[in-house]
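This report concerns a single protein model. Please consult the sequence and the structure shown below while reading.

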Amino acid sequence: PLSSLAQLSLPWVDAALAPHSWPGSSYGQPLRRCLQDCAAPYGLRARPWQARPGRRGGGLGRSPPLSRAPQPPEPPALLRRGGEGDVAAEHQGPRGPVQPASSAGASEVEEEVDPGEIEGTDLRVLKYPHPKLRAEDAEVETFDAELKQTIKELFLVMYACKGVGLAAPQVGINRKIMVFNPDGDPKKWPREVALVNPKIVAKSDAMDVEGEACLSFPGMDGKVRRHKWVKVEAQNAMGKKIKKKYEGWEARVFQHEYDHLEGKVYIDRLIDDEDKERVQPVLDELVEKYKAEHGDDFAL
């Protein structure tokens, strides 16, 4: 299958293409273009064809090797949309938990939205102080089609809300399931991560501070201290055990969503008294709105 192309050793792929690589072939070049297009989503690309030394142009030479495309740099300062204009700041960002600026150096990114009805799912993001955000989450024991559908719908909701991560309790499912895409871009689906029953087994002593926000806490953000890297054990949608190490931006996104599975939310980790004072009126407003719609069954 084409999806296995990224898993092959590059020399092996190169050798496989060799019989069809000569420029004079009537089908070699279309085949290469097709394979290049298929390989692009996996970060692979082909260098320009060069004839083997000692052969005439058009002779059978070695296929142009596929090489890993250069990876984008770490995201620069986080962005958020401010009151009077778009503001770039190290400790600020829109929701999900935060969004990196694009590698092109964009001056703004989209804030979170409430998309209303979402095609393909009935799930909706719960807002503070819904009690399910604080409830205990059960480990997943059955890995079936229902779990895969839940993961699919979590991604649908996350993208519809312009987020980069989402945990199951945020949509009222109190099970240990989380999804994220560090780029927040559905077109970059190879970057999608779905983790079931994740656990942090090691973490850095070094910490850093960045701005975070959350889809369940609209209209606010604040500075949060996180570990610079974490080592994680989890299961995938088929139940297979996996081990990962997340660093930098991905580590922050993971830790934000992992907190949701532990009954914590990012406002619990605000380190700046000024941030706490600034978000309190918004929290009070959310509480009053929830009480008016659902009564006194809430959890602060």
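The text that follows treats the overall make-up, then one helix, then the aromatic pairs.

**Overall make-up**

The model is predicted. The protein contains 5 helices and 11 strands. Of its 300 residues, 41% are buried. Among contacts with a separation of 6 or more, 67% join residues that lie 24 or more positions apart. The accessible surface amounts to about 16,200 Å², and carbon and sulfur atoms contribute 50% of that area.

**Helix H5**

Helix H5 covers residues 273-294, 22 residues in total. At 1.5 Å a residue, the helix should span 32 Å, and the end C-alpha atoms lie 30 Å apart, so the two values agree. The axis of H5 is nevertheless kinked by about 35 degrees at Gln280, shortly before the proline Pro281.

Both ends of the helix have features that can be described. At the start of H5, a side-chain oxygen of Asp272 comes to within 2.7 Å of the backbone nitrogen of Glu274. After the helix comes Gly295, with a positive phi near 90 degrees.

Which residues of H5 are buried? They are Asp275, Val279, Leu283, Leu286, Val287 and Tyr290. In an α-helix, residues three or four places apart point the same way, because there are 3.6 residues a turn. The buried residues of H5 pack against strand S9, which comprises residues 217-227.

**Aromatic pairs**

The whole structure holds 6 aromatic pairs. Two of them, both stacked, are listed here.

| Pair | Centre to centre | Angle between planes |
|---|---|---|
| Phe155 and Tyr159 | 6.1 Å | 20 degrees |
| Tyr246 and Phe254 | 5.6 Å | 20 degrees |

Phe155 and Tyr159 both belong to helix H3, residues 145-160. Because these two residues are 4 positions apart in that helix, about one helical turn separates them. Phe155 is buried, as is Tyr159.

For the pair of Tyr246 and Phe254, the relative accessible areas can be given. Tyr246 has a value of 3% and is therefore buried, the cut-off being under 20%. Phe254 has a relative accessibility of 0%, so this residue also counts as buried. Tyr246 and Phe254 are joined by Phe180 and Tyr258 in one aromatic cluster.

Definitions and conventions:
Residues are numbered from 1 along each chain as its sequence is written. This is a predicted model: local features need pLDDT of at least 70, side-chain atom pairs count only at pLDDT 80 or more; totals for chains, interfaces and linings use all residues. Side-chain values use heavy atoms; hydrogens and water are left out. The expected span of a helix is 1.5 Å times one less than its number of residues. The bend at a residue is the angle between axes fitted to the seven residues ending there and the seven starting there. Buried means under 20% relative accessible area, exposed over 50%, partly exposed in between (1.4 Å probe, protein chains only). Contact means heavy atoms within 4.5 Å. A polar contact is a pair of N or O atoms within 3.5 Å; within protein, one must be able to donate a hydrogen and the other to accept it, and residues adjacent in sequence count only if both atoms are side-chain atoms. Accessible areas come from the Shrake-Rupley method with a 1.4 Å probe; for residues, only the protein chains shown count as cover. Rings of Phe, Tyr and Trp (its six-membered ring) pair if their centres lie within 6.5 Å; planes under 30 degrees apart count as stacked, over 60 as edge-to-face and the rest as tilted.
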